Amino acid sequence: MNKPVNKKKTPAPLEAPKLPTHLPELTLVNMQSYDNIELGRVQDSFIDNCTARKMSFDKMILNNVTFTETSLTELELTDIVFERCDLSNVNFQDATIHRTEFRNCKLIGLDLTGATLRNVRFHQCLGDYATFRFANFKQVLFDDCSLRSADFYNSTLHKTMFQSCLIDLAQYSGTKLDGIDLSNCQFSSLGVGLEDLPGCIISREQAAVFANLMGLVVKD
């Protein structure tokens, strides 16, 4: 009897943002808690010193928008594209993000603590020191991103992919890495608990890093 062949499962493709062909130009001013902003394109803008909660953005493109001194907690994002935006040190704690793409964005220190992410793609983003503590990921792709010292402490990574990312010194303690493929990522050290490693996919070259975590010495 022939033994069944175990085929590697390919993750289901992410759902892309569902956007109409034409969007009118919008200007984001005087944003307040519980505002619902939808169906628009925001271009070459600055959003400064804005604090609000429970806002929602729906079916929008934000291109070259810079956020400074901004806190939008419990934000809802649905069918959104951020392109060449600067969200450094922005507070998006407890956000709900669905069918959203971040393209070539600066996300240094972005705070997504407690966020829920579904069908979200980060492409060529600079996310060093970003915080994803206690976040819940499903169908999320980090593609060619820098995530040095990013914090994924106690997060849930379900169908989450890291492709060609720099993750040196990233923190994964308390986060189960079963099924997470880090084999084509770059790192010399990670913050991770031994109990979270089973099932993590790594390359032969990376094995020495994890051996060091276990107190082993790899001999050439």
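Student: In this structure, are Phe132 and Phe152 buried or exposed?

Tutor: In this predicted model, Phe132 is buried, and Phe152 is buried as well.

Student: What makes the aromatic pair of Phe132 and Phe152 count as stacked?

Tutor: The ring centres of Phe132 and Phe152 are 4.7 Å apart and their planes stand at 15° to each other; because a pair needs centres within 6.5 Å and a stacked pair needs planes under 30 degrees apart, this pair is called stacked. Phe132 lies in the loop between β7 and β8 and Phe152 in the loop between β8 and β9, so their contact ties together parts that are 20 residues apart in sequence.

Student: Why is the pair of Phe132 and Phe137 called tilted?

Tutor: The planes of Phe132 and Phe137 make an angle of 55°, with 5.8 Å from centre to centre; since stacked requires under 30 degrees and edge-to-face over 60, an angle that meets neither condition is called tilted. Phe132, Phe137 and Phe152 also belong to one aromatic cluster, whose members include Phe142 and Tyr172.

Student: How do you know that Lys59 and Asp79 form a salt bridge?

Tutor: The N to O distance between their side chains is 3.3 Å, and because the cut-off is 4 Å, the pair of Lys59 and Asp79 counts as a salt bridge. Lys59 lies in strand β3 and Asp79 in strand β5, so the salt bridge ties together parts that are 20 residues apart in sequence.

Student: Why is Asp79 called buried, while Lys59 is called partly exposed?

Tutor: Asp79 has a relative accessible area of 0%, and Lys59 has a relative accessibility of 27%; buried means under 20% and exposed over 50%, so Asp79 is buried and Lys59, which falls in between, is partly exposed.

Student: What makes Arg133 and Asp151 a salt bridge, and where do these residues lie?

Tutor: Their closest N and O atoms are 2.8 Å apart, which is within the 4 Å cut-off. Arg133 lies in the loop between β7 and β8 and Asp151 in the loop between β8 and β9, so the pair ties together parts that are 18 residues apart in sequence. At 14% relative accessibility Asp151 counts as buried, whereas Arg133, at 29%, counts as partly exposed.

Student: What is the phi of Asn104, and where is this residue found?

Tutor: Asn104 has a positive phi of about 50° although it is not a glycine, and it is found in the loop between β6 and β7. Most residues other than glycine have a negative phi.

Key
Residues numbered from 1 in each chain as written. Predicted model: local features only at pLDDT ≥ 70, side-chain atom pairs only at ≥ 80, totals over all residues. Heavy atoms only, no water. Helix = DSSP H or I, 4+ residues; strand = E, 2+ residues; numbered from the N terminus. Phe/Tyr/Trp six-rings, centres within 6.5 Å; stacked < 30°, edge-to-face > 60°. Buried < 20%, exposed > 50% of the residue type's maximum accessible area, 1.4 Å probe, protein only.
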